[in-house]
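Here's a quick look at a protein chain, going from its annotated spans to one residue and then to the empty space inside. Have the sequence and the model open as you read.

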Amino acid sequence: MSLSIRNQLPGTVLALTAGEVMSTVTVRLSGGQTLTAAITVEAVDDLGITVGSAVRALVKSTEVALATGAVDGLSIRNRLPGTVVDVATGGAMAGVKVAVAGGELTAAITKDAAADLGLAAGSEVTALIKSTEVALAVADR
């Protein structure tokens, strides 16, 4: 199956914490970073996700925020450091490609935000992704 979601990061489940309705799933990405997904308990069961499962973390580009400085005082736990590879701007929006360890992310942000942050190839950034915006996929499901 092909998807329109640009950000598809392979990894392995490190930890799984089940709640009554939602579970948190910690994934070690192929580049060594960790990413947390908050998905339903039902989804964990339906997908057969367990510790050690190979998964793909899926994140829409519109759900990736970028920071150029220190990131403190935020509830967002998924923070992936990287380097801007390309910035493509249009009338209102910008697509920013960021190289992270083991892969690449695309962030769709406003053109004004890209300008305010001074984003250009070579800029150091931190990609910020809320755990509730990370979906998981498994092979053969």
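## Two annotated spans

A word on terms to start: helices and strands here are DSSP runs, with at least four residues for a helix and at least two for a strand. Keep in mind that this is a predicted model.

With that in hand, take residues 73-138: that span is 11% helix and 56% strand, and its end C-alpha atoms lie 33 Å apart. For residues 2-68, the figures are 10% helix and 54% strand, with 32 Å between the end C-alpha atoms. Both spans carry the label "domain: Mop" in UniProt, where the entry is unreviewed.

## Asn78

Now zoom in on Asn78, which sits in strand E6, covering residues 78-89. Is Asn78 buried or exposed? Its relative accessible area is just 2%, so Asn78 counts as buried, the cut-off being under 20%.

What does the side chain of Asn78 pair up with? One of its polar atoms lies 2.7 Å from the backbone nitrogen of Thr36. Beyond its neighbours within four places in sequence, Asn78 touches Thr34, Leu35 and Thr36, along with the run Ala127, Leu128, Ile129, Lys130 and Ser131, plus Val134.

## The cavity

How many cavities of 30 Å³ or more does the structure hold? There's one, and the largest cavity has a volume of about 40 Å³.

Its lining includes Leu9, Pro10, Leu29 and Ser30, as well as Val100, Ala101, Gly102 and Gly103. Sorted by class, the lining of the largest cavity comes out at five nonpolar and five polar residues, with no charged ones.

Key. Residues are numbered from 1 along each chain as its sequence is written. This is a predicted model: local features need pLDDT of at least 70, side-chain atom pairs count only at pLDDT 80 or more; totals for chains, interfaces and linings use all residues. Side-chain values use heavy atoms; hydrogens and water are left out. UniProt positions are given in the numbering used here, feature names are shortened, and annotations may be inferred rather than shown by experiment. Buried means under 20% relative accessible area, exposed over 50%, partly exposed in between (1.4 Å probe, protein chains only). A polar contact is a pair of N or O atoms within 3.5 Å; within protein, one must be able to donate a hydrogen and the other to accept it, and residues adjacent in sequence count only if both atoms are side-chain atoms. Contact means heavy atoms within 4.5 Å. On a 1 Å grid over the protein atoms alone, a cavity is a set of points where a 1.4 Å probe fits but cannot get out, and a pocket is an open set with protein on both sides within 12 Å along at least five of seven lines; lining residues have an atom within 4 Å of a point. Grid points are joined across faces, edges and corners, and a volume is the space filled by probe spheres set on the points. Ala, Val, Leu, Ile, Met, Phe, Trp, Tyr, Cys and Pro count as nonpolar, Asp, Glu, Lys and Arg as charged, and the others, Gly among them, as polar.
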